[in-house]
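Please read the following points alongside the sequence and the coordinates. They concern confidence, one pocket and one hairpin.

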Amino acid sequence: MSTLIIRLSDIGEGVTEAEIVEWQVDVGDAVEEDQILGAVMTDKAAVDIPSPAAGVITSLSGQSGDVLAVGAELARLDTPAVSSTVDQPARSDGQTAPDNQSQKTERTTDPGKKRDDSKPEMNATASQPSASSVLAAPAVRQRARERNIDLRKVAATAANGRISHADLDNHLYGASSAVGTAAATTDSVESIALSGIRRTIARRMEQASRHIPHFSYVEEIDVTELESLRGELNEQAAQARQDSQQLESGQTDNTNLSPLPFIVLAILRSLEQFPQVNALYDEESDTVHRHHARHVGIATQTDQGLVVPVIRHAEQLGIHALSADIRRLAAAARAGRLSRQELSGSTLTVTSLGALGGIASTPIINHPEVAIVGVNRIVPRVVMRHERMTSRQMMNLSSSFDHRVIDGHTAALFVRRIRTYLESPVTLFMRD
């Protein structure tokens with residue numbers, strides 16, 4: 001047997017460290033080549049760590065939540081192959097590492113922390129079942145770790161044995177919700193350390209709040225005509241699909257247009273008159289970088305926290321293409337399948353809680369952008385129209401701006417331009 005040392009390699013984009021999300025193997029486990037050993041989280045995305053060869057895991061560096069620098073040892077693998085140190089790159093795009101990955105002969109003296117592989121706890125047999133062999137989503141594993149739950153002791157209700165959040169609830173509280181009510185009367189305190197995406201969110205929000213002088217602007221918008229147009233377009237599309245028999249019997253139709261792609265399209269049209277909003281601010285050089293391309297970030301809530309997938313070159317897309325991209329990125333975000341490219345490069349961010357959007361909000365800018373547009377819920381309100389009281393579909397836009405770059409006057413004009421497009425939605429599809 002020879003030893004392979006797997007290290008955290010430089011995965012680019014200025015990343016200097018990564019946080020361990022989870023290990024999917026234990027010491028003593030036999031692994032195959034390209035088998036996923038675990039995952040790490042950078043400030044860009046979660047990436048997988050594949051095994052460079054078949055062998056037996058002899059050590060793992062760190063636990064969930066630990067932060068390792070680029071070049072740090074991740075794991076050791078006993079293998080029949082020639083002894084070497086492998087700078088194995090983590091991956092987020094589903095592709096295996098190139099065969100010509102840099103390798104070098106392992107030195108006898110390792111400059112890192114020495115490990116005593118003779119300790120009994122480091123010699124677990126491969127036949128011993130491990131928590132990593134249990135079928136469960138990363139979010140379920142994270143929740144189980146936070147509550148010190150051994151997934152091997154949780155009963156799965158799914159036919160394939162996959163453990164769900166409901167299974168964890170049953171394990172914690174039993175089938176009756178009354179147990180949970182009784183538990184709420186205790187004085188116990190649960191301390192949960194921030195890790196993974198949640199810790200990244202905390203750092204970014206702190207950075208944005210500390211460095212960006214925010215000011216917010218809220219505008220009320222009458223979206224009655226927009227909702228009418230949206231309903232007509234969805235009815236026409238449904239009829240066209242039914243007539244052409246494109247939908248199979250019983251297939252769910254999830255292609256209806258929501259209000260969000262119309263709002264994004266209105267923002268894109270408004271940026272044509274206000275290019276200073278589509279910009280990034282470099283604090284070190286006091287330089288504003290205005291972008292001609294409009295890469296729109298769509299803030300998306302997932303089980304692990306808020307992420308911002310990016311629609312690149314959104315200015316080139318029509319309403320249906322925007323809608324399709326929003327749905328695709330949201331689904332990929334919630335499934336944890338976004339690539340680093342899909343999580344970086346936005347020039348302006350849109351955030352919406354849909355029906356939970358409240359009346360108004362003060363969204364925090366996605367650093368280093370200079371603006372963010374927040375979408376609040378649509379509700380019927382009684383308003384004065386043509387000197388008469390009438391019920392209209394109303395919605396607020398709550399936007400925040402970087403006051404170092406955007407003045408209040410410019411922000412108001414920008415949002416009012418968005419309002420003009422949304423209140424006369426046919427103009428979204430007209431060109432001068």
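1. Residues 176-184 have a pLDDT (the predictor's confidence in each residue, from 0 to 100) under 50. For residues 176-184 the model has two contacts (heavy atoms within 4.5 Å) beyond four places in sequence.

2. The model is predicted: local features need pLDDT of at least 70, and side-chain atom pairs count only at pLDDT 80 or more, whereas totals for chains, interfaces and linings use all residues. Residues are numbered from 1 along each chain as its sequence is written, and side-chain values use heavy atoms, with hydrogens and water left out.

3. The average pLDDT of the protein is 81, and 78% of the residues score at least 70. Residues 91-129 have a pLDDT below 50, yet this stretch has 53 contacts beyond near neighbours in sequence. Where pLDDT is low, the predicted coordinates should not be read in detail.

4. Which residues are closest to the centre of the second largest pocket? They are Trp23, Asp26, Gln63, Ser64 and Arg145, out of 27 lining residues. α1 (138-146) and β2 (17-23) each supply at least two lining residues, and α1 gives the largest share, five residues. By class, the lining has 10 nonpolar, nine polar and eight charged residues.

5. Strands β12 (residues 279-282) and β13 (residues 287-290) run antiparallel and are joined by four bridges. Leu280 has His289 in β13 as its bridge partner. The two strands form a hairpin with four residues between them, and Asp286 in the turn has a positive phi of about 50°.

Notes:
On a 1 Å grid over the protein atoms alone, a cavity is a set of points where a 1.4 Å probe fits but cannot get out, and a pocket is an open set with protein on both sides within 12 Å along at least five of seven lines; lining residues have an atom within 4 Å of a point. Ala, Val, Leu, Ile, Met, Phe, Trp, Tyr, Cys and Pro count as nonpolar, Asp, Glu, Lys and Arg as charged, and the others, Gly among them, as polar. Two strands pair if DSSP finds at least two bridges between them.
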